Amino acid sequence: MRWFKDSDFIRGEVPMTKYEIRVLISSMFDLERGKKLLEIGSGTGSLTCQLAEAGFEVTTIEFFKEAIELTEKNLKNLNISANVIHGKAPLDLPKENFDACFIGGSRGGLEGIFEYLDEYMESGTVVASFIKIDNLSKTRELMNRYGYANIETRLIQVSHEDKIGLLRSENPIFILKGDKQ
């Protein structure tokens with residue numbers, strides 16, 4: 001399997017999940033190749049591409065037009081296939097079952113997303129990443145309400161060396177994982 005570097009992706013003004021975070025999130029899904037994974041909030045499509053490269057059948061939904069265009073360009077550029085939906089979760093999510101879900105952007109729809117997962121994901125792993133602590137708290141509350149097990153929270157801080165040798169920090173990222181039984 002290829003691990004894509006940040007420089008492999010076409011960028012715009014849309015936020016991108018950075019390399020170290022993509023690797024960590026990808027490793028949190030203990031799925032067999034061919035399993036169906038729902039991604040909510042594709043952004044540039046960097047995680048979409050990485051999860052599809054890992055062998056998952058990825059369906060991603062994104063609200064912003066520029067992000068949809070970047071996701072589609074990155075999929076094409078890296079010769080990767082995924083189902084891309086332009087819409088808002090949970091309203092525009094397909095009426096089909098999934099084995100796992102990644103939540104990268106909810107646009108205020110977390111409660112509806114968990115209602116959807118209650119109906120369309122019999123069991124499986126949900127991983128979510130946030131930069132805002134209130135979204136982390138709300139997601140943890142919803143995981144508890146819907147009976148998720150093995151809930152784990154991580155705070156990841158990544159820094160990179162710049163051109164003159166100084167370390168520059170990326171935004172800290174909260175990552176939450178839970179298993180639907």
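**Close-up views of a predicted model**

**View 1. Helix α1 and the elements that cover its buried residues.** Among the elements covering the buried residues of α1 are α2, β4 (100–103), β5 (124–130), β6 (149–156) and β9 (173–180). Keep in mind as you look around that this is a predicted model. Which residues of α1 are buried? They are I21, R22, I25 and S26. These residues span an arc of only 130 degrees around the axis, so they sit on the same side of α1.

**View 2. Helices α1 and α2 where they meet.** Two packed helices can be described by the angle between their axes and the distance between those axes. Here, helix α1 (residues 19–27) and helix α2 (residues 46–53) have axes that come within 10 Å and cross at roughly 45 degrees. The two helices α1 and α2 are therefore oblique to each other. Their crossing is right-handed. On the α1 side, the contact is made by R22, I25 and S26, and α2 brings S46, L47, Q50 and L51. Sorted by class, this contact of α1 with α2 has three nonpolar, three polar and one charged residues.

**View 3. A closer look at S46.** Here is one residue of helix α2, S46. Is S46 buried or exposed? With a relative accessible area of 1%, S46 is buried, because residues under 20% count as buried. Leaving aside residues up to four places away in sequence, S46 touches F9, M16, T17 and R22. You have already met R22 as one of the α1 residues in the contact with α2.

**View 4. Helix α4 and its buried side.** Now turn to helix α4, which runs over residues 110–120. Its buried residues are L110, I113, F114, Y116, L117 and Y120. They cover an arc of only 155 degrees around the axis, which places them on the same side of α4. What do the buried residues of α4 pack against? Their partners are β1 (36–40), β4, β5, α5 (133–145) and β9.

**View 5. P172 in its loop.** P172 is found in the loop between β8 (167–169) and β9. This residue is partly exposed, with a relative accessible area of 37%. Try finding I131 as well: P172 and I131 are 41 residues apart along the chain, yet their C-alpha atoms are separated by 6.6 Å. Not counting residues up to four places away in sequence, P172 touches F130, I131, L155, I156 and Q157.

How values were computed
Residues are numbered from 1 along each chain as its sequence is written. This is a predicted model: local features need pLDDT of at least 70, side-chain atom pairs count only at pLDDT 80 or more; totals for chains, interfaces and linings use all residues. Side-chain values use heavy atoms; hydrogens and water are left out. Axes are lines fitted to C-alpha atoms, for helices over the stretch in contact, and angles run from 0 to 180 degrees between N-to-C directions. Helices (H or I, at least four residues) and strands (E, at least two) are DSSP runs, numbered from the N terminus. Angles under 35 degrees count as roughly parallel, over 145 as roughly antiparallel, 65 to 115 as roughly perpendicular and the rest as oblique. A crossing is left-handed if the near helix is turned anticlockwise from the far one by less than a right angle, and right-handed if clockwise. Contact means heavy atoms within 4.5 Å. Ala, Val, Leu, Ile, Met, Phe, Trp, Tyr, Cys and Pro count as nonpolar, Asp, Glu, Lys and Arg as charged, and the others, Gly among them, as polar. Buried means under 20% relative accessible area, exposed over 50%, partly exposed in between (1.4 Å probe, protein chains only). The arc is that of the directions from the helix axis to the C-beta atoms.
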